[in-house]
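Work through the following exercises with the sequence and the 3D structure open beside you. Each task is followed by a solution that goes step by step.

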Amino acid sequence: MADVKDKKSPAETPETLRAAAASDGGAPSLDINAMISEAKLSASDVPAMSPPGDETAEAVAADGVTAWHNGKKITATWCNSSNRNAFVSVQGMGWRRLSNANDSAFLAMVMMGAHAEQMNATVNLKISSSNEIQEIYVW
């Protein structure tokens, strides 16, 4: 049986300990929920510049078709402070938004896109009719 003195008092909660560390010159605590609610979200947030060496990239319209694009390269990645808003530049196709259907899939695709760019790896992409990348394979 645990002693009563082993239990934390209400003054020793993680929140109060973080606040005390911040006031003592320690690392400040981050309130992610407050940061997200303060962010200005806009559906029109898109990359404004073309990646180097990709001047010939065309904005290929899907015209209501979901299709696989195999043997491509990721030439650049882009994101901003908006919630779940990231793009990758696909060789010969220009910027494509990563699907933001859920947090875990979005994060996995961001990581895979960045890895593919860094390693110059070949990718296979499933691009939806709305020009969003829904699936990605990195080889």
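**Exercise 1. A charged pair on two strands**

Is Lys126 buried, partly exposed or exposed, and what is its relative accessible area? Find also the side chain that Lys126 meets in a salt bridge.

*Solution.* Before starting, note that this is a predicted model, in which local features need pLDDT of at least 70 and side-chain atom pairs count only at pLDDT 80 or more, while totals for chains, interfaces and linings use all residues. Residues are numbered from 1 along each chain as its sequence is written, and side-chain values use heavy atoms, with hydrogens and water left out.

Step 1: recall the classes, in which buried means under 20% relative accessible area, exposed means over 50%, and partly exposed lies in between (1.4 Å probe, protein chains only). Lys126 has a relative accessible area of 23%, so it is partly exposed.

Step 2: apply the rule for a salt bridge, which asks for a side-chain nitrogen of Lys or Arg within 4 Å of a carboxyl oxygen of Asp or Glu. The side chain of Lys126 meets that of Glu135 in this way, at 3.5 Å from N to O. Glu135 is likewise given a class: it has 30% relative accessibility and therefore counts as partly exposed.

**Exercise 2. The other salt bridge**

How many salt bridges does the rule give, and which residue forms one with Asp103?

*Solution.* Step 1: the count comes to two salt bridges.

Step 2: Asp103 forms a salt bridge with Arg84, and the closest N and O atoms are 3.1 Å apart. This pair links distant parts of the chain, since Asp103 belongs to helix α3 and Arg84 to the loop between β1 and β2, 19 residues apart.

Step 3: compare each value with the cut-offs. Asp103 is exposed because its relative accessibility is 52%, whereas Arg84, at 24%, is partly exposed.

Step 4: look at the backbone of Arg84, where phi is near 50°, a positive value in a residue other than glycine. Asn120, placed in the loop between α3 and β4, also has a positive phi, of about 55°, although it is not a glycine.

**Exercise 3. From elements to barrel**

In what order do the elements run from the N terminus on, and what do the five strands build?

*Solution.* Step 1: helices (H or I, at least four residues) and strands (E, at least two) are DSSP runs, numbered from the N terminus. The protein has three helices and five strands, and their order is α-α-β-β-β-α-β-β.

Step 2: two strands pair if DSSP finds at least two bridges between them. Strand β1 (residues 67–79) pairs with strand β4 (residues 122–127) in the antiparallel sense over five bridges, and Lys73 has Thr122 of β4 as its bridge partner. The strands β4 and β5 also run antiparallel and are joined by five bridges; Leu125 is partnered with Ile136 of β5, and Ile127 with Ile133 of β5. Four residues lie between the strands of this hairpin, where Asn131 takes a positive phi near 65°.

Step 3: put the strands together. They form a closed barrel of five strands in the order β1-β2-β3-β5-β4, with mixed pairing. Neighbouring strands of this sheet are turned by 55° against each other on average, direction ignored.

Step 4: add helix α3 (residues 103–119), which lies across β1, β2 (86–90), β3 (94–98), β4 and β5 and runs at about 55° to β5. Such angles run from 0 to 180 degrees between N-to-C directions, and the axes are lines fitted to C-alpha atoms, for helices over the stretch in contact.

**Exercise 4. Inside and outside**

Is Ser99 buried or exposed, and which residues make the nonpolar surface patch of about 380 Å²?

*Solution.* Step 1: Ser99 sits in the loop between β3 and α3, and because its relative accessibility is 13%, it counts as buried. Contact means heavy atoms within 4.5 Å, and, leaving aside neighbours within four places in sequence, Ser99 is in contact with Phe106, Met109, Glu132, Ile133 and Gln134.

Step 2: the patch is made by Trp68, Tyr137 and Trp139. Trp139 is found in the segment after β5 (132–138), and its relative accessible area of 60% is why it is classed as exposed.

Step 3: for the whole protein, 24% of the 139 residues count as buried.

Definitions and conventions:
Patches are made of residues with over 30% relative accessible area and no salt bridge: like charges are joined within 9 Å, nonpolar side chains (Val, Leu, Ile, Met, Phe, Trp, Tyr) within 5 Å. Accessible areas come from the Shrake-Rupley method with a 1.4 Å probe; for residues, only the protein chains shown count as cover.
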